[in-house]
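Below are my comments on the model, set out as numbered points. Please read them alongside the sequence and coordinates.

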Amino acid sequence: MLRRSLSTRAASPAASANAHEVIVSGGGLVGGAMIASLQQLRSRLHAEGSKMNFTSSDRSATGTILSSQLARLMLVDSSARPAYDAANMMHTLRTVSITPVSSKILDNLGAWDRLTTKHPYYRMAVRHEQVNSPTLGSGARSSAFFMTSLLGNATSAEPLLEFTDLRKPVGFICFNTELNSCMIDVVEAQQKAAAETEGFHDTLCFNHRLEDVKLPSQGNMDGPWGTAKLVSGDAKADTEFGLILGCEGRGSPLRDVLSTPSLQHDYAQTAFVCDVRVEKVDDGNVCSFQNFFRDGKIIGMLPTSEETANIVFSTTPQHARELMACTHEELVAELNQRLCAFAPNDIPKILEVPQKTTADGSTKRAQGFFPLKLNVATTPYAPRAILLGDAAHSIHPFAGQGLNLGIYDICALTSVLEQAIRSGQDIGSSVAVGQVFAGHMLSHTAPMILGMEMIKKLTYGVPGLSSVGMKALNSLPLVSTVAKDAIMQVSSGAVFASQQKGSFLLQ
């Protein structure tokens, strides 16, 4: 029965350096983790034959047939291979917030123990200018008696909403570049181990790009493989693939090839990011802070060590440019006015934004910016192609969930591919793989995206009402316990983990 089902798979091109069962386009965090997951799945399938109750030759053949769908893997990225340098302040500029469930997946992939920075935080505190700003006049707080009676007419330093768990971390803050570099280290180690097995061959192509990607027509099930040109400089080589995974992030070239419909919204905001050194606090700097403003701006402080933090300030493009150009003293003063001034006894005071003198005598600060847009593919798949991570769902960073949703994509897709391989399906099938994966993606992205969009609109559109809601959520006994627990179940990834409990990445 097993052999009969396996024999129904579409035939793959003859083994050659130009044909790959799977090509992962994009060598960032999601792309690196995706190919690492595929490598692990292949090893598990290959080893499984030895556990079956067949003769020795049958066991070997079964393991080879199962793993042959992932025999030749390729990673392609137009940039250089990521290499983390702790002394390079630009390598610590972009941070990612990792949920407990994502950290478990990264641990099972082999990257977590390699990290030197994975600073835990046990508390999240949320405030709003409407209630907590010391510079907002009492007349501007609320003209409605109902709002005034609930929120008061004086400034409060207490958070409107907070989540605390002293038993285990709410999340971890890591450096983007270090995590990316460690993940590629894992991929290279597994690449070396796979080379010892006949028929397995992995290729990592940094400083390369894919052009002229062609996919089978929509109505062509289990049809011919896709084709593309692998380009480096003036050199071009034809390649074929059974499945191509778009992990290139925002502006994914593969997304353009799919021409998939999408939900788009320009926030008309830019995220200004910088590193800061803060006053040492008694709790070891294990709290993340987020302050909302009546004009739609949002600022977050993410702890990276006992004395350092990362700032993510969602503001207007013009204001972001002004922050980039202002003096060090002006920048520190504004950041403290937006953060520490709201709760001087809770939010650490910023002492400086690290800067260095370059060889030409100019001063360079650890700062940068990027535009913010919502862009969600409603159909993230096509025959022999699937989009993951930011290539499929680029969201606002204020909740720190962007990378986590990408990691959940990897876990879900790996499970779908494993099921397809075991049942004799073509991994490039848009029915057996693409549609099934899209359902899983929708189940873990839609609640998060809808919740984030609602919070953002309420805190800007009706700041008084949203402040009342947060205060009620935080202080009413029954509501607080039930609602906050539900929020944490989603934001920590626990709901996703319960849906994917059979995945080997969550064992």
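1. Status of the model. This is a predicted model, and the points below should be read with that in mind.

2. Helix α8. This helix covers residues 176–194. With 19 residues at 1.5 Å a residue, the expected span is 27 Å, and the end C-alpha atoms are indeed 27 Å apart, so the two values agree. Buried positions in α8 include a run from Glu-178 through Leu-179, Asn-180, Ser-181, Cys-182 and Met-183 to Ile-184. Further along, Val-186, Val-187, Gln-190 and Ala-194 are buried as well.

3. Helix α14. The same check was applied to residues 463–475. Its 13 residues should span 18 Å, and the distance between the end C-alpha atoms is 18 Å, which agrees. The buried residues of α14 are Pro-463, Gly-464, Ser-466, Ser-467, Val-468, Met-470, Leu-473 and Asn-474.

4. Nonpolar surface. Met-454, Leu-458, Val-462 and Leu-465 make a nonpolar patch of about 340 Å² on the surface. Of these, Met-454 sits in helix α13, residues 430–461. Met-454 has a relative accessible area of 51%, and it therefore counts as exposed, the cut-off being over 50%.

5. Cysteines. How many disulfides does a search of the whole structure find? The search finds 0. Two cysteines can be described by their accessibility: Cys-247 is buried at 8% relative accessible area, and Cys-411 is buried at 0%.

6. Salt bridge between Asp-346 and Arg-123. The structure holds 20 salt bridges. In one of them, Asp-346 pairs with Arg-123, with 2.9 Å between the closest N and O atoms. Asp-346 lies in the loop between α11 (328–338) and β16 (350–352), while Arg-123 is in strand β5 (residues 123–128), so the pair ties together parts that are 223 residues apart in sequence. Asp-346 is partly exposed, with a relative accessibility of 23%, whereas Arg-123 is buried at 17%.

7. Salt bridge between Lys-168 and Asp-165. The side chains of these two residues meet at 3.0 Å, N to O. Lys-168 is partly exposed at 45% relative accessible area; Asp-165 is buried at 14%.

8. Salt bridge within helix α12. Arg-422 and Glu-418 form a salt bridge in which the closest N and O atoms are 2.8 Å apart. The two residues are 4 residues apart in α12 (residues 402–422), which means that about one helical turn separates them. Arg-422 is partly exposed, with 30% relative accessible area, and Glu-418 is buried at 14%. Elsewhere, salt bridges that share partners join Arg-123, Arg-127, Glu-162 and Asp-346 into one network. The pair described in point 6, Asp-346 with Arg-123, belongs to this network.

9. Strand β4. Which side chains of β4 (residues 118–121) are buried, and which are not? The side chains alternate along the strand: His-119 and Tyr-121 point to one face and are buried, while Lys-118 and Pro-120 point to the other face and are not. β4 pairs with strand β7 (residues 171–175) in the antiparallel sense, over 4 bridges. Within this pairing, the bridge partner of Tyr-121 in β7 is Gly-171.

10. Positive phi at Asp-212. Most residues other than glycine have a negative phi. Asp-212 has a positive phi, near 50°, and is not a glycine. Asp-212 is located in strand β9, residues 209–214. Its relative accessible area is 42%, so Asp-212 counts as partly exposed.

11. Positive phi at Ser-259. Where is Ser-259 found? Ser-259 lies in the loop between α9 (253–258) and β12 (262–278). Its phi is positive, about 50°, although Ser-259 is not a glycine. Ser-259 is exposed, with a relative accessible area of 60%.

Notes
Residues numbered from 1 in each chain as written. Predicted model: local features only at pLDDT ≥ 70, side-chain atom pairs only at ≥ 80, totals over all residues. Heavy atoms only, no water. Expected span 1.5 Å × (residues − 1). Buried < 20%, exposed > 50% of the residue type's maximum accessible area, 1.4 Å probe, protein only. Disulfide = S-S within 2.5 Å. Patch = residues over 30% accessible without salt bridge, like charges linked within 9 Å, V, L, I, M, F, W, Y side chains within 5 Å. Areas by Shrake-Rupley, 256 points an atom, 1.4 Å probe, with all protein chains shown as cover. Salt bridge = Lys/Arg side-chain N within 4 Å of Asp/Glu carboxyl O. Pairing = 2+ DSSP bridges.
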